[in-house]
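Got your viewer open? Load the model, pick a cartoon view with side chains on demand, and follow along from stop to stop.

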Amino acid sequence: MSYLEDEIRKYSDFFHKINVDKNFASSNELTGNTFFMEDGNILSLPSMEVDSRYPYGSDGFNFWAHASGYMYCNEGLFSTFLKVGEGQEPKIAFFAGFQENNGDYKVISLLQAPLMNNSEVQLERYTVFTKTSVYYITEIKDMRFVIRVFVDLDKKIYFTVNIENLSMDARRIYISSYFNPLIAHDIAENGEQRWFREVEYLFEDNNLGNFIVKTNEAINRTNTVSNYMVLLRSFQGGKSSTLIKHEETTSRYQYVGGNMSSLHTPKALKNGTFGTKCHICTFTEVGIAGDILNLEIGGKDYGRCDISLKSFINCTDNKAVEIYKKNKLVTEQVDSILLDLNASELKNGEQLSCSVQKEKEGLIRNNIFNGFFEHLKKQVEFCSLIKGYVQLFSGSLIGIRDVFQATEALLIWQPEVAREKMLEGLNFIDPSGRCPRQYTLPKSENEIPIMDLRAFIDQGVWVISAIISYLRHTQDFEFLCQECGYYEIIDEKKNIVKKSLIKDSVLDHMIRIMEYLIQNIDEEDTKCVRVLYGDWNDALDGLGVSEDSEKEFGSGATVMVSLQVFQNLNEMIELLNRVNYKNSIALISKYKKVKGELKEGLEKYAIIEASDGDRRIVHGWGDKRSYYVGSFSDSDNKSRYSLTSNSFWVLSKMYDEDMSIKDTILEAYRKLDSKYGLKTFEPYFAPNTLGVGRIPRLHSGTAENGAAYIHASAFGIMSLFRMGCPREAWEQLYKSLPFTHEYVSCSSFVMPNSYGYNEEKNIDGQSMLDWQTGSSNIIFKVFIKYVFGISPEFDGVWVQPCNWTPFEGFELNIKIRTCSIKLSHRNTNSKERIFTVNGVCRSGIYDPVMMLTKLWLQNEELLNEVLEIDVID
């Protein structure tokens, strides 16, 4: 049995078992018609409400595969296949045709999209997502069709159409493929693109010929380049299966039946022929690559068509294309490439793996958690390595805060990859230390990148914290000496920058960032950090507005960023005490002074007290403290609670200075709690609320406006663990994880960004999007640092497993530097926590903040090749 046959059989067996064994189905089911298989792969059943998806590719090349069969692909601004709207004609499609008595063909889409009128046909569909490939499976009576798709490390896309005849009798059918690529630097379709695109079919006697797609693009007024796609095909049949004949077309009109028709009613497929040959198409209509392969599939036999798509971008000549188009696609090589991808993915996963044991309270099934953790890793990796335009609109660039938060999670098991991405981002900051909100990667060395220069004050704090985490995890202090450049801001209103001549080290960049943050402290009054355009909660972008019409920004402040800067100052002091830098002593002295003033300002202005003694940590205030947000009486006269200011009071370690604030924070969390977890604000901001910016434009109970915006919810969860409240933290985790919900509106095997709730608007648990969201990296860090309890420092590693979980125990394999740590935790209701390291009992240290006993491993111990650590509670 071949590799492909083995995989198909395994997926088919699982599908049929969940249909007949309801207990088996229930034990493996997530939300949204999806199931985890034993190997962690995902089986998704058709749904008209949820269209799960998975990205394939690497290094920012994203081929999106939806459970419905919709597929699209881009790398930054370069789109191979465009995304289409819901219900519209797909850019990639596959069909099968069965001849009827009248000579016409019954056409069956081998994907859920496009939706066709086949109500009289008994068929079963299911989709399987693995980490490296997707399988679309359609079973019709005694036939089974499989579309397998994957992307190799060279960004070549492979499609395999496999046809199985499960009966004893030979069957005559056709299969048809349809590709409508863009291969241009654009993210939307327009009427002019057809003028500059040409599709040609290269006819070959006795063989399936190849297609070439060419698009011309202007770099500027005097220079043009061409993008090419070469589509190779091959057919392999079993002992009694043959390719009888084949037809090809480059005309969409010919395929679908004219400009008024679509793939929902493809005329040529109903007729079983394209008619007159059309092997080249340009200018007058949209060129496509389409075929019809007439097959005879023997009894208990198979046929298989393989297709590969390779793009050549920004070509000044076609020499490489002329050479490549002569290649032949070999079936065995296709499977071998996928097997190599699987092996690489497995090896990569070995750097970090976990397995929780049987659930003891039934909240979260252990097999579901274990499967989810692996795909959460994939989500973190995806978010770290984006090249922009993930959301396919002009404002979807590469966010500084987004990438550095994600790489801080990625470095836990892929430090080298995270290192390179951080170096990339550091090259886009201004010499003042000001980070852009977003940037793009220039297509050439002389091109000026597109940037979003809105002055969100928080960007730099994430950069410093991520680099500090990288150094603690790796001890790679040489990283600080790497040279990076800058882009100088010329006109921030027009988002114009220029390449700076200044180049210096990573550490110099960190110090410049720190200086920019310090310069934006309100020295005249509160000693807290001015919010400028906004902070992490960028929907609340009105606090920084100045009352003085001559000034853009006033003294409005953000408590969250003030706390983050407090944390950054501590991090930089600790770092500078360990490295040889030209003016470390002066900088340390300065940072200590600023930290002290900032601490006093936070204690004086960020905590307010009512006449009855009730205290509250505010979100921030407007210019000249003329109004507050998150106070007993905000600008709308509402008493309001804010999540992130409370969370970062704990996470920044301000909490450690005076833990009597704990009850105040927990009371805020009780007020912010909801059906789907901790909300950003309670109550929401009504339309036209003054002084808060655009957040009132959001419906109440959605996104940041009084909903469970999970990125923020996760900050709260992290703070609960750190305050020694593990049961409360797990209660919130349960609400935040998508697979615990009765309903989700997107993929349930990765983190969404929010859960809406507004009964009047018929919103109950829906999410804005999945995959590209910061909630993934924060939830991931919660698992690593606070559930499994691995927390690297400069001088060693804390081992601090959570002292209450809903599982009987867990095993974690993680590599720290060159040491493989195998951590095992068991829950036995012991009176005290017991540690053993490589079989030797060790004493723990009680942490009064986290309220648990933890183990300290010095750096010297991490020189061991393996450390086996057992923790018994």
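## Stop one: a sheet and its hairpin

Select residues 92-99, which are strand β7, and residues 171-179, which are strand β13: six bridges join this antiparallel pair. Keep in mind that you're looking at a predicted model. Now click on Gly97 and look across to β13, where its bridge partner is Tyr174. Then look across to β8, where Gly97 has Val107 as its bridge partner.

Add β8 itself, residues 105-109. Five bridges tie β7 to β8, again running antiparallel. The two strands make a hairpin with five residues between them, and Gly103 in that turn has a positive phi of about 95°.

Zoom out to take in the whole open sheet: five strands in the order β8-β7-β13-β20-β18, with antiparallel pairing. From one strand to the next, the twist averages 20°. The edges are β8 and β18 (242-251), each pairing on one side only. Is β8 enclosed or not? Four of its five residues are buried, so β8 is largely enclosed by the rest of the structure.

## Stop two: Phe94 and the cores

Go back to β7 and show the side chain of Phe94. Leaving out residues up to four places away in sequence, Phe94 touches a list of residues including Met71, Ile108, Leu110, Phe159, Phe179 and Ile307.

Which residues touch the most other members of the largest nonpolar core? Select Phe63, Phe94, Phe159, Trp649, Phe783 and Phe788, out of 226 residues in that core. Helix α12 (residues 559-576) supplies the largest share, 11 residues. There's also a second, separate core of 32 residues; Ala25, Leu43, Leu329 and Val334 are among them.

## Stop three: two helices crossing

Next, select α10 (residues 459-474) and α11 (residues 506-519), which pack at an angle of about 140° with their axes 9 Å apart. The crossing is left-handed. Show Gly460, Val461, Val463, Ile464, Ile467 and Ile468 on α10, then Val506, Met510, Ile513, Met514 and Leu517 on α11: these make the contact. By type, that's 10 nonpolar, one polar and no charged.

While you're there, look down either helix: in an α-helix, residues three or four places apart point the same way, because there are 3.6 residues a turn.

## Last stop: a covered helix

Finish with α15, residues 662-672, and colour its buried residues: Lys662, Thr664, Ile665, Leu666, Ala668, Tyr669 and Leu672. What covers them? Bring up β32 (615-617), β35 (641-642), α14 (643-651), β36 (681-682) and α16 (710-722), which are included in the cover.

Key
Residues numbered from 1 in each chain as written. Predicted model: local features only at pLDDT ≥ 70, side-chain atom pairs only at ≥ 80, totals over all residues. Heavy atoms only, no water. Axes fitted to C-alpha atoms, helices over the stretch in contact; angles between N-to-C directions. Left-handed = near helix turned anticlockwise from the far one by under 90°. Contact = heavy atoms within 4.5 Å. Nonpolar A, V, L, I, M, F, W, Y, C, P; charged D, E, K, R; others polar. Core = buried A, V, L, I, M, F, W, Y, C linked by side-chain atoms within 4.5 Å. Buried < 20%, exposed > 50% of the residue type's maximum accessible area, 1.4 Å probe, protein only. Pairing = 2+ DSSP bridges.
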